[in-house]
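Reader: Hey, I'm new to this one. Could you show it to me and walk me through it?

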Amino acid sequence: MYLLALLFVLAISALTDFLSTVSRRRCGGMAAVLHAVRMGLAYLVMLAVMSFNGGVLGAAVAGHALGFLLSRSLLLRRAESNHADDIGSAGAGQLPPSKIISSRS
């Protein structure tokens, strides 16, 4: 039963971190719903960590690391595919259009 609780905390903390990445890409009502779900899950992880159990703390940290790894690798893969599309759409000898906006004016 203890192992199941650790896996549950790991999954909730990974989902919390993953939703933080997904909710940034949405707007309007869907972003508000995702934010509310993410905050609810974050409070559940906080309550679990407040049990002062070292295993639960380790599972929460590992879950957040796993969620960060999965969400960032998903974003990188998506960015690489967008970059490959930009290169493929540019003609021979042409550079793809830049999507980086300079902060200097």
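Author: Sure, starting with L6: setting aside residues up to four places away in sequence, L6 touches G55, V56 and A59, where contact means heavy atoms within 4.5 Å. This is a predicted model, where local features need pLDDT of at least 70, side-chain atom pairs count only at pLDDT 80 or more, and totals for chains, interfaces and linings use all residues. Residues are numbered from 1 along each chain as its sequence is written, and side-chain values use heavy atoms, leaving out hydrogens and water.

Reader: Ok, which residues form the largest nonpolar core?

Author: Ten of them: L6, V9, I12, L19, L34, L41, V45, V56, A59 and A60. Such a core is a set of buried Ala, Val, Leu, Ile, Met, Phe, Trp, Tyr and Cys residues joined through side-chain atoms within 4.5 Å.

Reader: And which helix supplies the largest share of it?

Author: That's α1, with four residues. At least two come from each of α1, α2 and α3 (54-89); helices here are DSSP runs of H or I, at least four residues, numbered from the N terminus.

Reader: What about T16, buried or exposed?

Author: T16 counts as buried because its relative accessibility is 7%, and the cut-off for buried is under 20% relative accessible area, with exposed over 50% and partly exposed in between (1.4 Å probe, protein chains only). T16 sits in α1 (residues 2-23).

Reader: What does T16 contact beyond its neighbours within four places in sequence?

Author: R38, L41, A42, V45 and H64.

Reader: Switching topic, where's M46?

Author: In helix α2, residues 29-49. M46 is partly exposed, since its relative accessible area is 39%.
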